[in-house]
Amino acid sequence: MATRTKLTPFARLLLFLLFLVPLAYGGALYLQGKDPIAEVKGMMGGASSSSSSKSSSSTYDPQQEIEKLKKENRELKQKVKELEAKIKTQESDSSSRQKWGN
């Protein structure tokens with residue numbers, strides 16, 4: 001009689017995870033209302049209807065990014081001016097008071 005090969009506990013764990021992890025991932029996607037097969041195809045580089053429509057509608061516009069950064073820069077400069085004015089008023093108020101040791 002031929003002896004049966006025994007699996008080590010580590011090999012059993014690997015086989016269990018090999019089947020459990022994809023099933024759990026697919027179940028989680030299904031519960032979120034997504035198509036698990038399409039998501040896996042998208043990860044593997046295949047075409048997916050949901051991801052292809054997103055990428056075509058959202059394109060990178062460098063001019064829009066430049067305008068956004070310019071606006072943020074103007075706002076920050078204005079805030080710096082306001083804070084510098086506030087510091088100057090505080091310094092002038094504190095200089096009019098009597099200082100210790102004088």
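Start with the whole chain: from the N terminus on, its elements run α-α-α-α. This is a predicted model. Colour the chain by secondary structure, and the count is 4 helices and 0 strands.

Next, show the surface of the chain. Its accessible surface comes to about 10000 Å², and carbon and sulfur atoms account for 61% of that area. How many of the 102 residues count as buried? The share is 3%, where buried means under 20% relative accessible area.

Now select residues 9-31, which form helix H1. Phe16 is found in this helix. Keep Phe16 selected and add Phe10, Leu13, Leu14, Leu17, Leu20 and Val21. Together these residues make a nonpolar surface patch of about 660 Å².

Then add residues 36-43, which form helix H2. Two packed helices are described by the angle between their axes and the distance between the axes. For H1 and H2, the angle is about 115 degrees, and the axes lie 9 Å apart.

Last, show the side chains where the two helices meet. Which residues of H1 should be selected? They are Tyr25, Gly26, Leu29 and Tyr30. On the H2 side, select Pro36, Glu39 and Met43. Sorted by class, this contact has 5 nonpolar residues, 1 polar and 1 charged. The polar one is Gly26 and the charged one is Glu39.

Note on methods
Residues numbered from 1 in each chain as written. Predicted model: local features only at pLDDT ≥ 70, side-chain atom pairs only at ≥ 80, totals over all residues. Heavy atoms only, no water. Axes fitted to C-alpha atoms, helices over the stretch in contact; angles between N-to-C directions. Contact = heavy atoms within 4.5 Å. Buried < 20%, exposed > 50% of the residue type's maximum accessible area, 1.4 Å probe, protein only. Areas by Shrake-Rupley, 256 points an atom, 1.4 Å probe, with all protein chains shown as cover. Patch = residues over 30% accessible without salt bridge, like charges linked within 9 Å, V, L, I, M, F, W, Y side chains within 5 Å. Salt bridge = Lys/Arg side-chain N within 4 Å of Asp/Glu carboxyl O.
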